[in-house]
Amino acid sequence: MTVVDLIQLVRNVTNQFKSSNCLSSFAKDSMLQFLSAISLKSLSINESQIKHIMEKPPAPIGYLSIADERDFSVGIFIMSPESSIPLHDHPNMYGFIKVLFGSALISPYQVKSFPNINNKVRCQIIPSTVINESSEVSCLTPTSENIHEIKALSVFAFLDVLFPPYCDGQRPCSYYKVDNTSIKGNECFLNIRSPPSLDEYHTFSLNFCN
């Protein structure tokens, strides 16, 4: 089970997705099964490398790009303890998260209605969950748990597979803030906000050599 195998599987799945504009149950299950077996070792990375990278990082969050193609992206996020990826969406995208190291709190929301004239999105609040290496692979779809926030509880690394990938102008990432006054039961409104400042969300790039 190698990086080449991973990229080939994602390429096959995205080709199926493009031909039908829908992710089949078989393709989704294939992704979940394959990603569940992925580990740092299979990616030729060890824990000491992860810890070393985050000893004196130039920013709280690092990103190692494994594959960045027209139809998908595959990469690894490495987060410092207490750093966070702010509440954001994945427009018309599928995404898979496989934890490789450490633990984090993931807080997903499910969109119930499109933004109104006040740039508010009505959402279902999905209970926050602590995810770690023993957790099942997380999956988001265009209609399920498409908005989320990730807060690292320790040095935290996860494999991130997205398709189609973000694309400025066509699939830009939007950021949100919870309107605490709107919470009723398990629903709330999220306010569309301006992109986070570097003080709030700052990343640096790493090279993947495998």
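## Contacts and overall build

Two residues are in contact here when they have heavy atoms within 4.5 Å of each other. By that yardstick, 76% of the chain's contacts with a separation of 6 or more involve residues 24 or more positions apart. Keep in mind that this is a predicted model: local features need pLDDT of at least 70, side-chain atom pairs count only at pLDDT 80 or more, and totals for chains, interfaces and linings use all residues. Residues are numbered from 1 along each chain as its sequence is written, and side-chain values use heavy atoms, with hydrogens and water left out.

The chain has 3 helices and 13 strands, which are DSSP runs numbered from the N terminus (helices: H or I, at least four residues; strands: E, at least two). Its radius of gyration is 17 Å, close to the 17 Å that the globule rule gives for 210 residues, so the chain is as compact as a globular protein of that length. That radius is taken over C-alpha atoms, and the rule is 2.2 Å times the number of residues to the power 0.38. Along its principal axes, the C-alpha trace spans about 50 × 45 × 30 Å.

## Inside, outside and charge

How much of the chain is buried? Buried residues make up 45% of the 210, where buried means under 20% relative accessible area, exposed means over 50%, and partly exposed is in between (1.4 Å probe, protein chains only). The chain exposes about 11,100 Å², and carbon and sulfur atoms supply 50% of that. These areas come from the Shrake-Rupley method with a 1.4 Å probe.

As for charge, the mean positions of the 16 positive and 19 negative charges lie 4 Å apart. Lys and Arg count as positive, Asp and Glu as negative, while His and the chain ends are not counted. Each charge is placed at NZ of Lys, CZ of Arg, CG of Asp or CD of Glu.

## Aromatic rings meeting up

The whole structure holds 7 aromatic pairs. Rings of Phe, Tyr and Trp (its six-membered ring) pair if their centres lie within 6.5 Å; planes under 30 degrees apart are stacked, over 60 edge-to-face, and the rest tilted. One pair is F17 with Y94, edge-to-face at 5.4 Å centre to centre and 80° between the planes. It links distant parts of the chain, with F17 in helix α1 (residues 3-20) and Y94 in strand β4 (residues 94-101), 77 residues apart. F17 is buried at 11% relative accessible area, and Y94 also counts as buried at 11%.

F17 also pairs edge-to-face with F163, at 5.8 Å and 70°. Here helix α1 is linked with strand β10 (residues 156-163), the two residues being 146 apart. F163 is buried, with a relative accessible area of 0%. F17, Y94, F96 and F163 form one aromatic cluster.

## Two buried residues to look up

S103 sits in the loop between β4 and β5 (104-111). Is S103 buried or exposed? It is buried, at 18% relative accessible area. Leaving out residues up to four places away in sequence, S103 touches several residues, including V130, N132, L153 and F156.

L190 belongs to strand β12 (residues 187-193) and is buried at 0% relative accessibility. With the same sequence neighbours left out, L190 touches, among others, L87, Y109, C123 and Y176. The C-alpha atoms of L190 and L140, 50 residues apart along the chain, are separated by 18 Å.
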